[in-house]
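Q: I have a structure to go through with you. Can we start with the cysteines and then move on to the aromatic rings?
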Amino acid sequence: MNKSKLIRWSVPIAVFVLLWVIPTPEGLTPAAWHMFAIFAATIAGILAAPVASGALMFIALAITYFTNTLPLNDVLKGFASGTVWMIFSAYVLSLGFVQSGLGRRIAYRALSLFGGSSLGVAYALGIADLIMAPAMPSVTARSGGIILPVAKSINEVLGSQPGPTGKRIGDFLIMTCFQFTPITGALFMTGMAANPLCAQLAKDGLGVELTWGSWFLAALVPAMICFIALPLLTFKFMDPELKRTPQARVMGREELKKMGPMGRQELLVAVGFILALIGWGTSLITGFNANAIGLGLIAFLFVSGAVQWRDVLNDKAAWDTVVWFGAIISLATGLTKLGFVKWMSLGFASSLGGLDWVTTFLILGFAYIYLHYVFATASGHVAAMYVPFASVAIAAGAPAPMVAICFAIFSNFMWGITEYAGGPGPIYFGQGYFERPRFYKINFCIVTFCVLVVFSSGMLWWKAIGLY
């Protein structure tokens, strides 16, 4: 074991040992405190990364069982969660989008329709991202794998590469596409990998049921205001030199001609996508379980031949998600079951004593966002912070359904704050259009703007639809 890896291992081990030997705080059982030690060490391990996250999860589960912190049924409970398999089904669908070329077709079609100006190009790429969002929970695959290559091609055609020519349109498109994905992800329960985890934690830890349809309805107004405003905001920040871009529209049409008519695989993926949207969107009316609809979607894709099982076996991200989410749900549920979350929430609430619920809600919301500077994944942040922060706001008097959806939306926006905070970040930053200080400054302004939009428009919208 080299020195670097030894140091990385020392971080979670030190956290685990230190917390384990500290006397159990008053109001907690030893099991609850030990569960927290395991959970905190797991989060520290995710940040330090001595091994891959999936492997780390198995280590955490084994420790949880062999220390008698949780019985085996509870240790493995997360893998039986329908939420895990719903997100897996969306990964299978996203594989179809990429392999069939349907994702690129959507992007080029939007470009051919709206690409006549720099703002039009930005909105075209955003619309393509928006259309694919409910089918592609992997923001890295959706934004980094489909949207970014199209944006790069446009920059190349328009002669705007990193460096002196970047101001022509390149830095504007790169920043706008980067910040579109947290917004489109926030709109759908299946729009980002950690969203179903938010829904599961809301149900288990807060007693709030977030269905696919109720999530979409609650996020619709604040997310779409952010979606519409984003290119205008980045246009103001970047002030691209190219205002008219007829070449981009021509490029979209030419690429569509090269692709030819939709093939059988594209059509089947499109049909599966539409059926899934109809199923998820009407689940409150039909009574069909949203997770079961995901399984039905997988069955359709396999029976029709739109996606092959051997390709799914090679999709490491999908299987890693199953392991990661199954384990983290087990650990987080253990914290709730053993009473740690309730104990922590009461402690936070007492420290904010005397403040009205609106002030408490605002403070916790901004803190939830900006604490992501110390996280490298949205999933780790959600697992560690979602229930405790939301519970404190609810304990202060904030309406539970409103708090649940607000923090779920923020769980998307927060990863747009740095280049290491989510999967697409390193890819976009690595294009070379931005120095780090400028990148951070613009991201901070955009994310803060979106948070203010969610608080202001969201609270009005959530009142109107009866969340409080």
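Q: Why is C177 not bonded to the closest cysteine sulfur, in C450?
A: The sulfur of C177 is 15 Å from that of C450, which is too far for a bond. A disulfide here is a pair of cysteine sulfur atoms within 2.5 Å. This is a predicted model, where local features need pLDDT of at least 70, side-chain atom pairs count only at pLDDT 80 or more, and totals for chains, interfaces and linings use all residues. Residues are numbered from 1 along each chain as its sequence is written, and side-chain values use heavy atoms, with hydrogens and water left out.

Q: How many disulfides in the whole structure?
A: A search finds 0. C226 is in none either; its nearest cysteine sulfur, that of C450, is 3.8 Å away.

Q: Is C226 buried or exposed?
A: C226 is buried, at 0% relative accessible area. Buried means under 20%, exposed over 50%, and partly exposed in between (1.4 Å probe, protein chains only).

Q: Switching to rings: how many aromatic pairs?
A: The structure holds 30. Rings of Phe, Tyr and Trp (its six-membered ring) pair if their centres lie within 6.5 Å; planes under 30 degrees apart are stacked, over 60 edge-to-face, the rest tilted. F366 and F455 are one tilted pair, with centres 5.5 Å apart and planes at 45 degrees.

Q: Which helices hold F366 and F455?
A: F366 lies in helix α19 (residues 357-370) and F455 in helix α23 (residues 436-464), so the pair ties together parts 89 residues apart in sequence. Helices (H or I, at least four residues) are DSSP runs, numbered from the N terminus.

Definitions and conventions: Helix = DSSP H or I, 4+ residues; strand = E, 2+ residues; numbered from the N terminus.
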